[in-house]
Amino acid sequence: MFYFKKNLLLIGLSIFIIVTIVWYNLPKITPYYTQLTKARISMNIDLQPDSQKKSRFVGSHKCKECHKEEHHDWQNSLHSKMIQDIQKNPNAVIADFTKLPKDADFTLAEAIYTVGSKFKQRYMIPATINGKDDFRLGNYQWNQQTNKWQNFKPYKYWYKDSYPHDNKNFPTSNTCDGCHFTGYMSTGERVEPSISCESCHGPGSAHSKDPESAIFKASLSDPIRTNEVCLQCHMRNRDKRIETKKMTAKKIWMSAKDYPHGYEAGRPLIDYKLPAPFTFGQETKEFWANGAAKKNRTQGNEYVHNTMYKHGITCINCHDPHKLTNTAQKPQGNTACMKCHTFGSLIGPHQNSLEEHTHHKEDSKGSQCIECHMPKTAKHTGKSPLTVRSHLFSFTYPAQTKAYKMPPETNACYACHKNKTLDTLQKNLKDWGMLEWGKLKPLL
Ligand code: HEC
Ligand code: HEC
Ligand code: HEC
Ligand code: HEC
Ligand code: HEC
Ligand code: HEC
Ligand code: HEC
Ligand code: HEC
């Protein structure tokens, strides 16, 4: 009897050990398999729960009653600070108004809201435009990176033919507020300043009254669709109406919209958004010829080119949607990548160690994944330093930087080795046997 039990025990123990060994040797990507292999649904399907359809926007204070943790995380993130009321919080002003140039068309006393704080700050001033109570922008913006005031002409973008070239008659409602105020995108009402709960979860009156009533959560859908909640804002676009060839920016005079007007979290973004155009090999005002960003707010335009996007990795795999971890201020270093990647694994890097892959010492800056795979290719303003990291996640070879006529500083190798030429750096890579990818991906 005892002999039999001992045998069972041994068998049980062996199975346990084998399972543990197998478990620890599974590729790190394994826990993501259900996400990656989730069935794809059509881009046109409305994912907003029916019970949410008649809901109104209620504001984050309501959600706070039951979701303290999410509220706390969100309040400490920059999403909650995008638009700040100067009366309520005078400290939100980061500019030195004593140095505001004499030809400025606004004063601090006139400004109601600050826009931004990290890289640059702009100011919203009440104005009646087109017969409607609206806001305009001051003709100077504060550049936080250079600590200087600099000229600002908000009408200079793709919609330059849709608006007068005059800050005093250029409204923020159509070209800014949809992305910076909660609720404005679909209702045309500034329900709450900044990007709050309902920007990503949709209107919440029904759910707040009865928590059993469903509210949209992006991660429940297929991964391609999960991203849409971020792409509504983090992707450059055009007014959907100019999709048809006959429509031009001129014809939508005073009404051109620079955000997916009518969209609410869960609805099919494709019905509302026309992404900024791009063709590989052709440089535009917004993108280099390899698809890398020249401007900020392009994460989505870049990311859709990457294999990770196509295979189901989402923005929220790398960024906690409430804390917004994984930024230059809250970095996770190589851990951000190595929670899925393993050296010598199927998804790469295919070499067996960090040093074999990067050809830099393990503790060198040259062994940081993002330094090579997310080089700084873009600026926040024409006078800002290069700070915006690319979300293409590819590697742009020095020879490609040259072929695409990109400034050498946008090349990862050159950014750290300004004493070498692009040709020398290309040769280094050749000597390391690291040109395979360039052959497979001639355009990236
Ligand atoms: C009266 C309390 C209450 C209020 C107010 C409330 N919630 Fe909830 N919420 C809950 C409860 C309880 C759950 C868990 C329900 C469940 O697990 O089925 C929940 C779940 C959720 C979920 C997860 C849904 C899912 O499918 O997993 C989200 C997202 C959410 N709430 C967002 C919000 C937002 C945004 C607001 C404000 C507009 C809000 N909640 C207001 C109680 C509340
Ligand atoms: C930038 C977009 C965004 C904002 C803003 C945002 N959320 Fe979320 N929230 C998400 C996403 C995406 C998820 C799904 C995360 C996941 O499954 O990993 C989520 C998940 C949740 C959940 C479910 C958590 C769980 O364990 O399933 C709750 C509850 C929630 N959010 C409440 C809130 C509240 C309350 C606010 C405002 C204080 C808020 N969210 C603001 C995007 C956002
Ligand atoms: C309604 C528009 C909107 C939506 C939706 C949105 N964002 Fe943002 N996001 C912004 C704006 C505007 C800023 C700049 C905030 C600032 O500087 O105060 C920002 C900033 C960020 C930052 C940088 C924060 C920092 O500390 O530097 C990250 C990361 C980010 N968003 C990720 C996401 C992700 C991931 C999602 C989707 C889950 C998302 N955002 C959805 C508008 C949006
Ligand atoms: C399609 C959505 C969208 C529109 C329209 C939009 N923005 Fe933003 N804006 C964002 C996002 C997302 C970010 C943060 C991501 C980034 O900068 O890469 C941002 C960043 C900014 C920042 C920098 C924030 C900081 O903390 O440094 C400022 C300032 C700003 N926007 C002002 C404006 C103004 C003014 C307009 C209108 C002329 C405008 N934006 C239109 C989405 C938008
Ligand atoms: C594979 C991981 C990964 C994915 C996927 C990813 N990001 Fe990032 N993102 C990062 C890292 C890492 C950084 C911070 C780099 C640094 O330390 O400066 C970053 C930075 C950012 C920033 C801050 C930019 C700035 O200049 O401060 C924004 C905004 C952002 N990501 C938005 C997004 C959005 C939106 C998506 C989805 C379209 C996305 N990211 C997908 C890894 C990722
Ligand atoms: C949530 C998991 C996950 C995270 C986090 C992640 N990756 Fe990936 N990555 C993948 C998967 C899965 C693939 C494989 C795609 C395929 O099938 O080729 C991949 C592929 C890649 C590729 C090859 C892409 C191509 O175009 O062939 C690069 C480069 C890459 N990742 C870089 C990074 C970097 C840099 C980070 C950190 C900032 C990172 N990854 C974070 C899952 C992840
Ligand atoms: C983030 C900064 C950074 C990046 C990006 C970077 N390097 Fe380096 N590199 C260094 C540093 C620091 C050293 C000093 C030795 C070390 O840390 O291994 C170095 C050393 C080297 C060396 C050996 C010493 C020398 O100067 O000849 C070569 C060759 C080199 N890098 C080439 C490259 C190439 C090619 C790339 C692009 C694939 C690249 N580096 C990307 C920082 C960087
Ligand atoms: C010094 C620059 C550099 C750094 C740092 C770097 N990589 Fe790479 N990576 C490359 C180059 C170059 C390629 C293309 C390789 C080729 O063509 O053979 C590449 C390719 C890849 C690929 C595609 C699959 C493969 O093996 O070819 C993945 C995945 C990847 N890198 C992930 C990472 C991760 C994760 C990190 C951080 C641990 C990282 N890389 C750090 C330069 C770098």
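In this predicted model, an oxygen atom of ligand 3 lies 3.1 Å from a polar backbone atom of Leu-78. Two side chains also make polar contacts with ligand 3. In Lys-118, an N or O atom of the side chain is 2.4 Å from an oxygen atom of the ligand. In His-234, an N or O atom of the side chain is 2.8 Å from a nitrogen atom of ligand 3. Helix 6 (177-180), helix 11 (228-231) and helix 14 are the elements that give two or more residues to the shell around this ligand.

The shell around ligand 3 holds 18 residues, and the closest are His-79, Lys-118, Cys-230, Cys-233 and His-234. Lys-118 and His-234 thus appear both in this list and in the polar contacts already described. By class, the shell of ligand 3 divides into 11 nonpolar, 6 polar and 1 charged residues.

Next comes the metal site of ligand 5. The iron atom of ligand 5 has two protein donors, the NE2 atoms of His-319 and His-391, at 2.0 to 2.1 Å. The two histidines are 72 residues apart and link distant parts of the chain. His-319 sits in the loop between helix 14 (315-318) and helix 15, while His-391 sits in the loop between strand 12 (386-389) and helix 18 (398-403). The iron atom has 6 donor atoms, with angles among them of 87 to 179 degrees, and the site is octahedral.

The two iron-binding histidines fall into separate burial classes. His-391 has a relative accessible area of 15% and is therefore buried, the cut-off being under 20%. His-319 counts as partly exposed because its relative accessibility is 26%.

Ligand 8 is surrounded by 26 residues, of which the closest are His-357, Cys-369, Cys-372, His-373 and Tyr-397. Among these, His-357 places a polar side-chain atom 2.8 Å from a nitrogen atom of the ligand. The backbone contributes as well: a polar backbone atom of His-350 is 2.8 Å from an oxygen atom of ligand 8, and a polar backbone atom of Met-434 is 3.2 Å from an oxygen atom of ligand 8.

Four helices each supply at least two residues of the shell around ligand 8: helix 15 (335-338), helix 16 (354-358), helix 17 (369-373) and helix 21 (436-440). Helix 15 also marks one end of the loop that carries the iron donor His-319. In the shell of ligand 8, 14 residues are nonpolar, 11 are polar and 1 is charged.

Definitions and conventions: Residues numbered from 1 in each chain as written. Chains lettered and ligands numbered in written order. Predicted model: local features only at pLDDT ≥ 70, side-chain atom pairs only at ≥ 80, totals over all residues. Heavy atoms only, no water. Near = heavy atom within 4 Å. Polar contact = N/O pair within 3.5 Å; in protein donor to acceptor, adjacent residues only side chain to side chain. Nonpolar A, V, L, I, M, F, W, Y, C, P; charged D, E, K, R; others polar. Donors = N, O, S within 2.8 Å, 3.2 Å for Na, K, Ca; no water. Tetrahedral: all angles 85-135°; square planar, octahedral: opposite > 155°, others 65-115°. Buried < 20%, exposed > 50% of the residue type's maximum accessible area, 1.4 Å probe, protein only.
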